[in-house]
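Let's take a walk through a protein model together, one helix pair at a time. Keep the 3D view open and turn it as you read.

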Amino acid sequence: MSKSRPLSISELSYFNNARNNLELELQSVQQTLPSYAKDRDDLLRVAEVKRLTALLYLRQRLGTPRNSSILSPVSVGLFARYPIAFNTNTTQAPPSPGPLAMVESSTLAWKEKLVTDIIAIISTLPDTATLLWPLFVVGSVNIDNEEHRRFILERLQNIQNSRNLGNIRRARLAVESAYRARDLDHPRGNDWGREGRGISLA
């Protein structure tokens, strides 16, 4: 609709409210394991990394609406609630677990925090196709951190080496294309729809 005409005041207000409510729900959702899998901490980490990826994707696709004040957790990631062992050199030491505090934060700082938390959690998980969507999203948000880039490309290549499927190859190639475009300062625009086609969201 917004491609053909400006949104009306009522439409913009409706959009802002719907988008804000969705983000706040994603921020506050609590991941729980069924009783038969209570010892599967890896499943909890996968669920949490996908929750954080959904938040990052929401911000990238819909942005932060004008004339609104989105509250963002100081620590939106897993480490705010579930202390787990760190296994990466790409991030700083995790904060000690504590209550989820809410403060206003800039869009850029919020995105960088999300990307760091997502990569930190992925670093504790094995190379499986279930991480394909988080890696694709993080690799498509124009991050400039070279360590993060190498980490993402290495994990995507490892997943492809273990399961050489078409959607995995497409995800890796799409991320590589995004990095090349970024490095060349190419105005590629938002190509999520085209480059993301055929990539599993499972």
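Is the crossing of helix 1 and helix 2 left-handed or right-handed? Before answering, bear in mind that this model is predicted. The two helices cross in a left-handed way. To find them, look for helix 1 at residues 9-28 and helix 2 at residues 41-62.

How do we put such a pair into numbers? Two packed helices are described by the angle between their axes and by the distance between those axes. For helix 1 and helix 2, the angle is about 160° and the axes are 9 Å apart. Because angles over 145 degrees count as roughly antiparallel, helix 1 is roughly antiparallel to helix 2.

Now zoom in on the side of helix 1 that faces its partner. Phe15, Arg19, Leu22, Glu23, Leu26 and Gln27 of helix 1 meet Arg51, Ala54, Leu55, Leu58, Arg59 and Leu62 of helix 2. Sorted by class, the residues of this contact are seven nonpolar, one polar and four charged.

Next, move along the chain to helix 4, residues 132-139, which packs against two partners that we can visit in turn. One is helix 5, residues 146-162, at an angle of about 150° and with the axes 10 Å apart. Their crossing is left-handed. Leu132, Leu135, Val138 and Gly139 of helix 4 make this contact with Ile152, Arg155, Leu156 and Ile159 of helix 5. The classes here are six nonpolar, one polar and one charged.

The other partner is helix 6, residues 166-183. Here the angle is about 15°, and the axes lie 9 Å apart. That makes helix 4 roughly parallel to helix 6. Helix 4 passes helix 6 in a left-handed crossing. On the helix 4 side you will find Leu132, Leu135, Phe136 and Gly139, which meet Asn167, Ile168, Ala171, Ala174, Val175, Ala178 and Tyr179 of helix 6. This contact has nine nonpolar and two polar residues, and no charged ones.

Let's finish with empty space. Rolling a probe the size of a water molecule over the atoms shows where such space is left. The second largest pocket holds about 160 Å³ of it. Which element gives the most to the lining of this pocket? Helix 3, residues 107-122, does, with five residues. The lining has 10 residues, and Lys111, Glu112, Ile143, Asp144 and Asn145 lie nearest the centre of the pocket. By class, the lining divides into three nonpolar, four polar and three charged residues.

Notes: Residues numbered from 1 in each chain as written. Predicted model: local features only at pLDDT ≥ 70, side-chain atom pairs only at ≥ 80, totals over all residues. Heavy atoms only, no water. Axes fitted to C-alpha atoms, helices over the stretch in contact; angles between N-to-C directions. Helix = DSSP H or I, 4+ residues; strand = E, 2+ residues; numbered from the N terminus. Parallel < 35°, antiparallel > 145°, perpendicular 65-115°, else oblique. Left-handed = near helix turned anticlockwise from the far one by under 90°. Contact = heavy atoms within 4.5 Å. Nonpolar A, V, L, I, M, F, W, Y, C, P; charged D, E, K, R; others polar. 1 Å grid on protein atoms, 1.4 Å probe; cavity = no way out; pocket = protein on both sides within 12 Å on 5 of 7 lines; lining within 4 Å. Points joined across faces, edges and corners; volume = space filled by probe spheres on them.
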